[in-house]
Amino acid sequence: MYIYLDIIKEFSCEMCGSCCRNDWQVTMDEESFGRNAQLFRERGREEEFSKIFIPIMGKSELGEYAYIAKKANGECWFLEGNNLCRLQGEAGHSHLDTVCQTYPRYPMNTARGIELTLSFSCPAVIKLVSRVRPLEILRSEEQPMVILPGNDVVHIFPEQKSAYNPLYYYFEIEHHLVDIIQSRQITIKERIQLVKKTIKGICNLAADDTLSQKLNRIIYANYELLDSKEAVAQPDHCNPDILIENFFVNFIFKKPFYQYGLVKGMEFVEKMWKVIEDRRYDATNFSKDMERTSNCIMELELKYSHNRKALLK
Ligand code: SF4
């Protein structure tokens, strides 16, 4: 089964080159390092290879063996003036390391199947999600895009948890949090607060046989509350609140609440919400507010989703 945000099928790289100009490090595994060593040896460019492909010394994340050096201006060494990748031009897309082949796609291996979304650090993705229609999570037996094996960013298997741990019911919780964030009958600020209250309530549940029943009670009480609110008319165009809604839907779908735990997951949401709130807002200038919100979201995604260590600080 494939479970994915509906934007997956619409994505197409606009070759803006911003992912090759970001300040993240493009890392690679040992196999990719060896593949490049061979290519550069065959082409008599050992000197360039040793200057550009830098082995990581000391402690590193799994699969991080080396990184690609940057030019003095911060761009990837292989980025050309026309925003194309010289390495891809020389050796083909399949030669690139996993990060470059996969970005901005975000595949996850879960007990439900392969789940997929996109990173909101890519301007082409921001364009796709700047729409009024809420994001939809689709299910299909058919693969919605080419997926390279072994590329999964996270592994989510809630049944491996104890039945007395709320994360045993992770998918139900995720589904509910996404529903809250998409409840446009209350403000985005109120939705964030309701997510916080819900997480707090879940964390306070006793670790015993009543857990599942009490969790359902929290969820039903929230739906009752949301159903009691009056529906609001939808705007003609996307606005900053919808963009923020889509950003948090995507963030939750990327499963930080499972990976880091409910408390930590909520801390991330609050941290990011604070940055967004502080950065906004010039309600008198819609296009400026939209631009500022888009930039803020791209920065947050870059800072937190591509640098998990920043999340944990
Ligand atoms: S940032 Fe997005 S659109 Fe731009 S080059 Fe990278 S993947 Fe393509």
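**Exercise 1.** Is Lys 255 buried or exposed? Place the residue in the chain and describe its backbone as well.

Solution. The model is a predicted one.
- Step 1: Lys 255 sits in the loop that joins helix H9 (240–253) to helix H10 (256–259).
- Step 2: a residue counts as buried if 20 or more other C-beta atoms lie within 10 Å of its own.
- Step 3: Lys 255 has 21 other C-beta atoms within 10 Å, so it is buried.
- Step 4: the phi angle of Lys 255 is near 70°, a positive value in a residue other than glycine.

**Exercise 2.** Work out which burial class Asn 83 belongs to, and do the like for Arg 45.

Solution.
- Step 1: between buried and exposed, the latter meaning 12 or fewer neighbours, lies the class called partly exposed.
- Step 2: Asn 83 has 15 other C-beta atoms within 10 Å and is therefore partly exposed.
- Step 3: Asn 83 belongs to the loop between strand S4 (66–68) and helix H3 (86–91), and its phi is positive, near 70°.
- Step 4: Arg 45 has 13 C-beta neighbours inside 10 Å, so it counts as partly exposed.
- Step 5: Arg 45 is found in the loop between helix H1 (30–42) and helix H2 (46–52).

**Exercise 3.** Describe helix H1: its span, its buried residues and its exposed face.

Solution.
- Step 1: H1 has 13 residues, and the distance from its first C-alpha to its last is 18 Å, close to the 18 Å expected at 1.5 Å a residue.
- Step 2: Ser 32, Phe 33 and Asn 36 are the buried residues of H1.
- Step 3: viewed down the axis of H1, the buried residues fall within an arc of 100°, so they line one face of the helix.
- Step 4: these buried residues pack against strand S2 (27–28), H2, strand S3 (53–55), S4 and H4.
- Step 5: the face turned away from the buried side carries exposed residues, namely Glu 30, Glu 31, Gln 38, Arg 41 and Glu 42.
- Step 6: after H1 comes Gly 44, which has a positive phi near 70°.

**Exercise 4.** Find the residues around the ligand and sort them by character.

Solution.
- Step 1: the residues around the ligand include Cys 13, Cys 16, Cys 19 and Cys 122, and also Tyr 103 and Pro 104.
- Step 2: the shell divides into nine nonpolar residues, two polar and one charged.
- Step 3: the peptide bond from Tyr 103 to Pro 104 is cis, with omega near 5°.
- Step 4: Pro 104 lies in the loop between helix H4 (98–102) and strand S5 (105–110).

Technical notes:
Residues are numbered from 1 along each chain as its sequence is written. This is a predicted model: local features need pLDDT of at least 70, side-chain atom pairs count only at pLDDT 80 or more; totals for chains, interfaces and linings use all residues. A residue is near a molecule or strand if its C-beta atom, placed from the backbone, lies within 6 Å of it. Ala, Val, Leu, Ile, Met, Phe, Trp, Tyr, Cys and Pro count as nonpolar, Asp, Glu, Lys and Arg as charged, and the others, Gly among them, as polar. Helices (H or I, at least four residues) and strands (E, at least two) are DSSP runs, numbered from the N terminus. The expected span of a helix is 1.5 Å times one less than its number of residues. The arc is that of the directions from the helix axis to the C-beta atoms. Two residues are in contact if their C-beta atoms, placed from the backbone, lie within 7 Å.
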